[in-house]
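Visitor: I'm new to reading protein structures. Could you show me one and explain the words people use for it?
Guide: Sure, have a look.

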Amino acid sequence: MMVACSVKSPSGQIDAMLKRVTVVERRVDKLYDGDFSYLVKEYAALDTTVARQKDINTEMVLLQAYLQQFETQRVIIVKNASLSRQQLSNLKDDVKKQLYDEATTSKYIKDEEKELHTMEAQLDYFQGKFDAQKKVVKQLRKE
């Protein structure tokens, strides 16, 4: 019975992946409520102040592009996380019922791992871009 709970077992792998889905969901919310909201406010503030005194069009266009890109991707990431959660839960039930052989189970786990990795990479990308944009915004406010 101890084998079923080990991380190497399909159930253990699925449980670990479900935890990662939860982390993805929290990260996307945190990014949206935190950095994204902050940068949207800063964009508006810069647009009515600094942008009127000097040409910061290049910086503003880039910031706007990242914000729009995140706004679009956020919806997709949230949808994909929900779908992954459902797929993993179904797979976990199917594994318990022993519906698939080891190779099939392994393939489904790999497919879900790929999806999860993609979502995590997207969040890393946006976190990096937003961190860089926060520095740009601070610099523009000083000038």
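Guide: Let's start with a word we'll need: buried means under 20% relative accessible area, exposed means over 50%, and partly exposed is in between (1.4 Å probe, protein chains only). Keep in mind that this is a predicted model, where local features need pLDDT of at least 70 and side-chain atom pairs count only at pLDDT 80 or more, while totals for chains, interfaces and linings use all residues. Residues are numbered from 1 along each chain as its sequence is written, and side-chain values use heavy atoms, with hydrogens and water left out.

Visitor: Okay, so why is Glu120 called buried?
Guide: Its relative accessible area is 17%, and buried means under 20%, so Glu120 fits.

Visitor: And what makes Arg20 partly exposed?
Guide: Arg20 comes out at 24%. That value falls between the two cut-offs, so partly exposed is the right label.

Visitor: How do you know that Arg20 and Glu120 meet in a salt bridge?
Guide: A salt bridge is a side-chain nitrogen of Lys or Arg within 4 Å of a carboxyl oxygen of Asp or Glu. Here the N to O distance is 2.8 Å, so the pair qualifies. Arg20 lies in helix H2 and Glu120 in helix H5, so the bridge ties together parts that are 100 residues apart in sequence. Helices, by the way, are DSSP runs (H or I, at least four residues), numbered from the N terminus. Arg20 and Glu120 also belong to a salt-bridge network with Glu113.

Visitor: Why is the pair of Phe70 and Phe130 called edge-to-face?
Guide: Rings of Phe, Tyr and Trp (its six-membered ring) pair if their centres lie within 6.5 Å; planes under 30 degrees apart count as stacked, over 60 as edge-to-face and the rest as tilted. These two have centres 5.3 Å apart and planes at 70°, so edge-to-face it is. Phe70 sits in helix H4 and Phe130 in helix H5, so this pair links parts 60 residues apart in sequence. Both Phe70 and Phe130 are buried.

Visitor: What makes Arg74 count as lying over the face of Tyr32?
Guide: The rule asks for NZ of Lys or CZ of Arg within 6 Å of the ring centre and within 35 degrees of the ring normal. Arg74 is at 3.7 Å from the ring centre of Tyr32. Tyr32 is also part of a cluster of ring pairs, whose members include Phe70 and Phe130.

Definitions and conventions:
Helices (H or I, at least four residues) and strands (E, at least two) are DSSP runs, numbered from the N terminus.
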